[in-house]
Amino acid sequence: MVRNDVGALVLLLLISVMVISERYLLDRTMTANFFPARFCTETRERSSLQNKRRCRVGYLLSESKEKRIPFHTFKKEYRNSSIDLVKVDVNRSVAAQGPFDVFIHDFTDIVREALQGDTKAEMFLAELSEYVSRHPNMVVMNPVASWRLLHDRLGAQGVAAEVVKLLNDPDVIVPNRVYLEKSGVKNMIKNLKMAGVTFPFVCKSSLLLPAEHHKMTLVYGRRGLEGLDLPCAAESFTNHSGILHKIYVIGDTNFVYARPSLKNFAMSEDLPSVQFSTSEVAKSDSVSPLNAGKRGEPTSETSPVSDEKVSRISDTMRHVLGSSLFGIDVIVQDGTGNHVIIDINDFPGYHEVGTREFQTALLQLLRTGPCSCIGS
């Protein structure tokens, strides 16, 4: 494959993000899964792993993620369960390292390098895409299609909206949102009103691949619209007393941790917009003036999160995405107790989850999921 063809393939991968996202964001008639999971579900298909051939699980992680989640330390225990973990080397042919029954990936860094013109990254992505298409029986734990959606802000918002629709629970909602791309205060006011987005609102970068995707803008009122960096995805800000609930999903296992978040704000026509980064206000050790409390601690007004709602949100999200490794950001609205889904992340860092807990949950997922389908 020549360089131009590879570049075209990578470009197609990224363009498809917007195409797919628009389809799911605007299609109000959807009631089925986006990407149904292909796991064994019938008892007759299952048997003990001892009676089956070994299950080969290929994994491709970024350097930072592998430091956080050391898959290589899981190999011995997994081997005892007839599961072989195989690290995929980007400097070698994917086909030469297979075959794989299951594939786990985090190739965000590789896509970023390809966008920057790295020929080796482009070639690897092209081969990986071809390999996945030629092995339809290989289970990709976080399907490429869902990865594309979750790496586009509008796509992720569309997924959240679909989950809310399927849950049909008035206490689980998404913020009113609109995509702002045309400058001009009057034009933006018109679009905001049509979408029901109220002040204050948060404007987020539309694509999640650029390094600036953690940067956001809090707009208090009309004054903040002047000079607003467009395009962006605008969503109404929900007061939640400064607590963000991080939900980490590994199959049917959920881990929930509270983090500091933005404090409560009111509309103001006098205040200019404020730019911030989620790395400053939404980390476990965040101590920002934008956080609630003196040290980003919860206040007496903070509402608790419902374990039952978290479980239902996670299960529905899993079936909608056909994915088993993702994270959800949920806040609990002051006054109403509504659970508001504000973000979804493909294969997050699982920062608060202990290594042992992650190892055990993933092993359980593999044993009862894709690796239970391996024939003798």
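A disulfide here is a pair of cysteine sulfur atoms within 2.5 Å. With that rule in hand, let us walk through this chain, which is a predicted model in which local features need pLDDT of at least 70 and side-chain atom pairs count only at pLDDT 80 or more, while totals for chains, interfaces and linings use all residues. Residues are numbered from 1 along each chain as its sequence is written, and side-chain values use heavy atoms, with hydrogens and water left out.

The rule gives two disulfides. One of them pairs Cys55 with Cys371, with 2.1 Å between the sulfur atoms. The torsion about its S-S bond is about -65°, so this disulfide is left-handed. Cys55 sits in strand E1 (residues 55-60) and Cys371 in the segment after helix H12 (355-368), so the pair ties together parts that are 316 residues apart in sequence. Helices (H or I, at least four residues) and strands (E, at least two) are DSSP runs, numbered from the N terminus. Cys55 is buried at 0% relative accessibility, and Cys371 is buried with a relative accessible area of 0%; buried means under 20% relative accessible area, exposed over 50% and partly exposed in between, with a 1.4 Å probe and protein chains only.

The disulfide between Cys203 and Cys232 has an S to S distance of 1.8 Å. Here strand E7 (residues 201-204) holds Cys203 and strand E9 (residues 232-236) holds Cys232, and the two cysteines are 29 residues apart. Cys203 is buried at 4%, and Cys232 is buried at 2%.

Just before Cys232 comes a backbone feature to look for: Leu230 and Pro231 are joined by a cis peptide bond, with omega about 0°. Pro231 belongs to the loop between strand E8 (215-219) and E9. On the other side of E9, Ser241 is in the loop between E9 and strand E10 (243-250). Ser241 has a positive phi, near 55°, though it is a residue other than glycine, and it is buried at 3% relative accessibility. Tyr350, in the loop between E14 and H12, also has a positive phi, about 50°, without being a glycine. Its relative accessible area is 0%, so Tyr350 counts as buried.

A cis peptide bond also joins Gly98 and Pro99, again with omega about 0°. Pro99 lies in the loop between helix H4 (94-97) and strand E3 (102-105). From here we can turn to Val86 in strand E2 (residues 83-87), which is buried at 18%. Beyond its neighbours within four places in sequence, Val86 is in contact with Arg56, Val57, Gly58, Tyr59, Gln97 and Phe100; contact means heavy atoms within 4.5 Å. Val86 and Gln97 are 11 residues apart in sequence, with 8.2 Å from C-alpha to C-alpha.

What lines the largest cavity? Its lining consists of Arg153, Ala156, Gln157, Ala160, Arg177, Ile341, Ile342, Asp343 and Ile344. Helix H8 (153-167) and strand E14 (339-346) each contribute at least two of these residues.

Finally, step back to the whole chain. It has 12 helices and 14 strands, and 51% of its 376 residues count as buried. Of the contacts between residues at least 6 apart in sequence, 74% join residues at least 24 apart.

Key:
On a 1 Å grid over the protein atoms alone, a cavity is a set of points where a 1.4 Å probe fits but cannot get out, and a pocket is an open set with protein on both sides within 12 Å along at least five of seven lines; lining residues have an atom within 4 Å of a point.
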